[in-house]
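Q: I'm new to this structure and would love a close look at one helix. Could you walk me through how it is built and what surrounds it?

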Amino acid sequence: MLDAKGLKRIMKEINEHRATKDRCYKLAFEESNPQVFYAIVSGLDGVFTDGEYIMKIKLPDNYPFGAPVICFETPNGKFVPGSNICLNITHFHSETWSPLITLEKLINSLISLLGDKDVTHGIGFINTSNGDKKELAKASKEYNKKHFSNIMSMNMIRGRGYLRCAHIS
(Lines give C-alpha, C1' and ligand atoms only; values in the text may rest on other atoms or scores of the structure.)
Protein backbone atom coordinates (compact mmCIF):
# COMPACT_ATOMS: atom_id res chain seq x y z
CA MET A 1 0.00 0.00 0.00
CA LEU A 2 1.26 3.45 -0.89
CA ASP A 3 2.22 5.65 2.02
CA ALA A 4 1.08 9.27 2.43
CA LYS A 5 4.05 10.61 0.42
CA GLY A 6 3.32 8.24 -2.45
CA LEU A 7 -0.37 9.14 -2.52
CA LYS A 8 0.51 12.85 -2.46
CA ARG A 9 2.86 12.37 -5.41
CA ILE A 10 0.19 10.46 -7.38
CA MET A 11 -2.39 13.18 -6.74
CA LYS A 12 0.10 15.83 -7.88
CA GLU A 13 0.76 13.91 -11.09
CA ILE A 14 -2.96 13.40 -11.74
CA ASN A 15 -3.61 17.12 -11.27
CA GLU A 16 -0.75 17.98 -13.64
CA HIS A 17 -2.19 15.57 -16.19
CA ARG A 18 -5.61 17.24 -15.93
CA ALA A 19 -4.11 20.71 -16.36
CA THR A 20 -1.90 19.95 -19.36
CA LYS A 21 -2.95 19.97 -22.99
CA ASP A 22 -1.68 17.85 -25.81
CA ARG A 23 -1.70 14.25 -24.71
CA CYS A 24 -1.95 11.22 -26.94
CA TYR A 25 -3.10 9.12 -24.02
CA LYS A 26 -5.74 9.09 -21.31
CA LEU A 27 -5.16 7.81 -17.80
CA ALA A 28 -7.39 5.63 -15.68
CA PHE A 29 -6.77 3.94 -12.37
CA GLU A 30 -8.41 1.24 -10.34
CA GLU A 31 -10.44 2.95 -7.63
CA SER A 32 -9.86 -0.03 -5.35
CA ASN A 33 -6.10 0.15 -5.95
CA PRO A 34 -4.55 3.56 -6.76
CA GLN A 35 -1.23 1.83 -7.47
CA VAL A 36 -2.55 0.39 -10.74
CA PHE A 37 -2.82 2.83 -13.64
CA TYR A 38 -3.78 2.34 -17.25
CA ALA A 39 -2.70 4.59 -20.09
CA ILE A 40 -4.93 4.31 -23.14
CA VAL A 41 -2.69 5.40 -25.99
CA SER A 42 -4.11 6.51 -29.35
CA GLY A 43 -3.48 9.06 -32.06
CA LEU A 44 -0.15 7.58 -33.11
CA ASP A 45 1.15 7.83 -36.65
CA GLY A 46 2.90 5.42 -38.98
CA VAL A 47 2.21 1.71 -38.59
CA PHE A 48 0.31 2.41 -35.36
CA THR A 49 -2.25 4.73 -37.00
CA ASP A 50 -5.79 3.88 -35.89
CA GLY A 51 -4.41 1.85 -32.99
CA GLU A 52 -5.54 2.06 -29.40
CA TYR A 53 -3.19 0.48 -26.89
CA ILE A 54 -3.66 -0.18 -23.20
CA MET A 55 -0.52 0.12 -21.09
CA LYS A 56 -0.68 -1.14 -17.48
CA ILE A 57 1.51 0.51 -14.87
CA LYS A 58 1.72 -0.98 -11.39
CA LEU A 59 3.41 1.32 -8.92
CA PRO A 60 5.38 -0.19 -6.05
CA ASP A 61 4.54 0.47 -2.41
CA ASN A 62 7.52 2.82 -2.16
CA TYR A 63 6.65 4.96 -5.22
CA PRO A 64 8.16 7.38 -6.23
CA PHE A 65 11.33 5.81 -4.81
CA GLY A 66 10.75 2.43 -6.45
CA ALA A 67 10.42 1.49 -10.14
CA PRO A 68 7.06 0.37 -11.57
CA VAL A 69 6.07 -2.81 -13.36
CA ILE A 70 4.90 -2.02 -16.90
CA CYS A 71 3.27 -4.02 -19.67
CA PHE A 72 1.15 -3.44 -22.75
CA GLU A 73 -2.15 -5.31 -22.60
CA THR A 74 -3.09 -4.72 -26.24
CA PRO A 75 -1.20 -6.59 -28.99
CA ASN A 76 0.91 -4.08 -30.92
CA GLY A 77 3.74 -6.02 -32.55
CA LYS A 78 6.49 -4.48 -30.41
CA PHE A 79 5.76 -5.77 -26.90
CA VAL A 80 4.39 -9.15 -25.80
CA PRO A 81 0.85 -8.50 -24.48
CA GLY A 82 0.66 -8.91 -20.72
CA SER A 83 4.41 -9.47 -20.37
CA ASN A 84 6.42 -7.22 -18.08
CA ILE A 85 8.80 -5.01 -20.04
CA CYS A 86 12.47 -4.88 -19.13
CA LEU A 87 13.85 -1.34 -19.39
CA ASN A 88 16.06 0.85 -17.25
CA ILE A 89 12.88 2.61 -16.05
CA THR A 90 11.10 -0.53 -14.86
CA HIS A 91 11.37 -2.83 -11.86
CA PHE A 92 13.85 -5.02 -13.74
CA HIS A 93 16.45 -2.30 -13.25
CA SER A 94 15.40 -0.65 -10.02
CA GLU A 95 19.01 0.44 -9.45
CA THR A 96 18.67 2.96 -12.31
CA TRP A 97 15.24 4.27 -11.27
CA SER A 98 14.97 7.91 -10.25
CA PRO A 99 12.12 9.50 -8.26
CA LEU A 100 12.30 12.33 -10.80
CA ILE A 101 10.64 10.06 -13.36
CA THR A 102 6.91 10.81 -13.47
CA LEU A 103 4.04 8.83 -14.94
CA GLU A 104 4.08 11.21 -17.90
CA LYS A 105 7.80 10.63 -18.58
CA LEU A 106 7.31 6.90 -18.17
CA ILE A 107 4.38 6.73 -20.58
CA ASN A 108 6.06 8.98 -23.15
CA SER A 109 9.19 6.80 -23.02
CA LEU A 110 7.15 3.67 -23.78
CA ILE A 111 5.28 5.43 -26.59
CA SER A 112 8.63 6.46 -28.11
CA LEU A 113 9.89 2.88 -27.90
CA LEU A 114 6.93 1.65 -29.95
CA GLY A 115 8.45 3.26 -33.02
CA ASP A 116 12.13 2.87 -32.20
CA LYS A 117 13.53 0.49 -34.82
CA ASP A 118 16.83 0.17 -32.95
CA VAL A 119 15.25 -1.38 -29.85
CA THR A 120 14.28 -4.87 -30.96
CA HIS A 121 15.04 -7.30 -28.17
CA GLY A 122 14.79 -7.81 -24.46
CA ILE A 123 12.33 -9.20 -21.95
CA GLY A 124 8.81 -8.37 -23.07
CA PHE A 125 9.78 -7.43 -26.65
CA ILE A 126 8.75 -9.12 -29.89
CA ASN A 127 9.63 -8.37 -33.50
CA THR A 128 6.92 -8.31 -36.13
CA SER A 129 6.68 -6.82 -39.59
CA ASN A 130 5.26 -3.38 -40.24
CA GLY A 131 2.35 -5.10 -42.00
CA ASP A 132 1.59 -7.09 -38.85
CA LYS A 133 1.77 -3.93 -36.73
CA LYS A 134 -0.72 -2.22 -39.07
CA GLU A 135 -3.12 -5.16 -38.84
CA LEU A 136 -2.84 -5.21 -35.06
CA ALA A 137 -3.51 -1.46 -34.99
CA LYS A 138 -6.70 -1.93 -37.02
CA ALA A 139 -7.87 -4.71 -34.71
CA SER A 140 -6.83 -3.05 -31.43
CA LYS A 141 -10.04 -1.18 -30.58
CA GLU A 142 -12.18 -4.25 -31.04
CA TYR A 143 -9.64 -6.31 -29.07
CA ASN A 144 -9.77 -3.83 -26.18
CA LYS A 145 -13.56 -3.78 -26.25
CA LYS A 146 -13.70 -7.56 -26.12
CA HIS A 147 -10.94 -8.22 -23.56
CA PHE A 148 -10.71 -5.02 -21.52
CA SER A 149 -14.17 -3.48 -21.44
CA ASN A 150 -13.68 -2.99 -17.69
CA ILE A 151 -10.68 -0.73 -18.31
CA MET A 152 -12.32 1.10 -21.20
CA SER A 153 -15.33 1.89 -18.99
CA MET A 154 -13.26 3.29 -16.09
CA ASN A 155 -13.44 6.97 -15.32
CA MET A 156 -10.67 8.55 -17.33
CA ILE A 157 -8.44 11.24 -15.95
CA ARG A 158 -8.66 13.62 -18.84
CA GLY A 159 -6.33 16.40 -19.82
CA ARG A 160 -7.71 19.50 -21.50
CA GLY A 161 -6.87 18.41 -25.00
CA TYR A 162 -5.30 15.73 -27.13
CA LEU A 163 -2.53 15.87 -29.66
CA ARG A 164 -1.53 13.39 -32.29
CA CYS A 165 1.77 11.91 -31.24
CA ALA A 166 4.92 12.50 -33.19
CA HIS A 167 5.39 10.39 -36.28
CA ILE A 168 6.14 6.77 -35.49
CA SER A 169 7.03 4.55 -38.42
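A: Happy to! Let's start with a bend: helix α3 turns by about 45° at S140, where the bend is the angle between axes fitted to the seven residues ending there and the seven starting there. Keep in mind that this is a predicted model, in which local features need pLDDT of at least 70, side-chain atom pairs count only at pLDDT 80 or more, and totals for chains, interfaces and linings use all residues. Residues are numbered from 1 along each chain as its sequence is written, and side-chain values use heavy atoms, with hydrogens and water left out.

Helix α3 covers residues 130-147, 18 residues in total. From its first C-alpha to its last it reaches 24 Å, close to the 26 Å expected at 1.5 Å a residue; the expected span is 1.5 Å times one less than the number of residues. Helices (H or I, at least four residues) and strands (E, at least two) are DSSP runs, numbered from the N terminus.

S140, the site of the bend, is also buried, as are K133, A137 and N144 of α3. Here buried means under 20% relative accessible area, exposed over 50%, and partly exposed in between (1.4 Å probe, protein chains only). And what do the buried residues of α3 pack against? Their partners are β3 (52-58) and α4 (149-152), with contact meaning heavy atoms within 4.5 Å.

Following the chain on from β3, you come to the loop between β3 and β4 (69-72), where P64 lies. The peptide bond from Y63 to P64 is cis, with omega near 10°.
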